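Student: Could we go through this structure together, one question at a time?

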Amino acid sequence: MSTLTICLIIFGCLFGLLLLWILIGTITFFVSLKKGCFAGKIINGEFQKKLELYNIDYSWWDKVKTEKIVVRSGKEKLSGVILRRNSNKVAICVHGIFGFYKDMSPQAKFLYEQDYNILAIDLRSHGETTGKYVSMGFFEKDDIIAWTIKAKEIFGASAKIVLLGISMGATTVILASGENLPENVKCVVADSGYKDAYNQLEYVCKKKLHIPPFLVLPVANVCCKIFAKFDLKRVKPIEAVRKTNLPILFIHGSQDRFVPCHMSKDMFAVSDKSKCELFITEGAGHVQSYAKNKEKYQQKLLSFLDKWINE
């Protein structure tokens, strides 16, 4: 076999591996971050089977009077519901990835009982909100800003707003806290948020999918830039924590195997300790803190809100 033939075979193999690498990364992007994607259906399907683990009761929303509301954010049409109370306290409740507004029933119900107006939203590319791709908080944070402006318009200049999110919703409200929000936003509650989107997906690849991150993430991120117009490496809530002036209550389960607990600890470590707090629920998995220790969760939440909303 000639040297040229050997070189052509080697080149062909390398080129084939390169194409395979690109193909795997591209498929990963479309099955993971496109609206209605395969991964979303699988994860949400499993989630729906275990609602009791999260103390979620969808039927509660049918027992209270809700008003549907739509807001524009750029070219996207954002969907949400309002539950009104005769007060100036407002909680904007933000669900996690592949979920929808009704997933926030535990926190929404509790705060509604504490006389909070509730604005529960569907993130872009979720529920009834438009959008083609999930951006892990990058564009979603802009939608939160739009919702805070709308909340001020609806509930008046005296409204006092808390942003409360779980999982990706927690990350999104943290990211929004580093932006120019209305002065009505008084504090943030972030339950099980990740500190860095790229780092979070590396963790999922290693611990959940058992594949080396380099096999999928570099190409998947290129797809994010080309198709969804964002860079995973720029989704860094921990940087928003460094610059925000808002108080943040970080909540996390010690046994979280989806978003590791250290991510909230790391964000708290760089936060303003005079304003921010950390609440770790021993033995709780991902976004299971409320269900695992409801009484302590409620006490901690109310104590934090008393400082910044009821001051």
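Tutor: A salt bridge is a side-chain nitrogen of Lys or Arg within 4 Å of a carboxyl oxygen of Asp or Glu. This is a predicted model, in which local features need pLDDT of at least 70 and side-chain atom pairs count only at pLDDT 80 or more, while totals for chains, interfaces and linings use all residues. Residues are numbered from 1 along each chain as its sequence is written, and side-chain values use heavy atoms, with hydrogens and water left out.

Student: Which residues are linked with Glu277 in a network of salt bridges?

Tutor: The side chain of Glu277 meets that of Lys307 in a salt bridge, at 2.9 Å from N to O. Glu277 also meets Lys300 in a salt bridge, at 3.1 Å. The residues linked with Glu277 in this network are therefore Lys300 and Lys307.

Student: Is Glu277 buried or exposed?

Tutor: Buried means under 20% relative accessible area, exposed means over 50%, and partly exposed lies in between, using a 1.4 Å probe and protein chains only. Lys300, at 24%, counts as partly exposed, and Lys307, at 44%, is partly exposed too. Glu277 has a relative accessible area of 11%, so this residue is buried.

Student: Which residues have the most contacts inside the largest nonpolar core?

Tutor: A nonpolar core is a set of buried Ala, Val, Leu, Ile, Met, Phe, Trp, Tyr and Cys residues joined through side-chain atoms within 4.5 Å. The largest one has 60 residues, and those with the most contacts inside it are Ile92 and Leu163.
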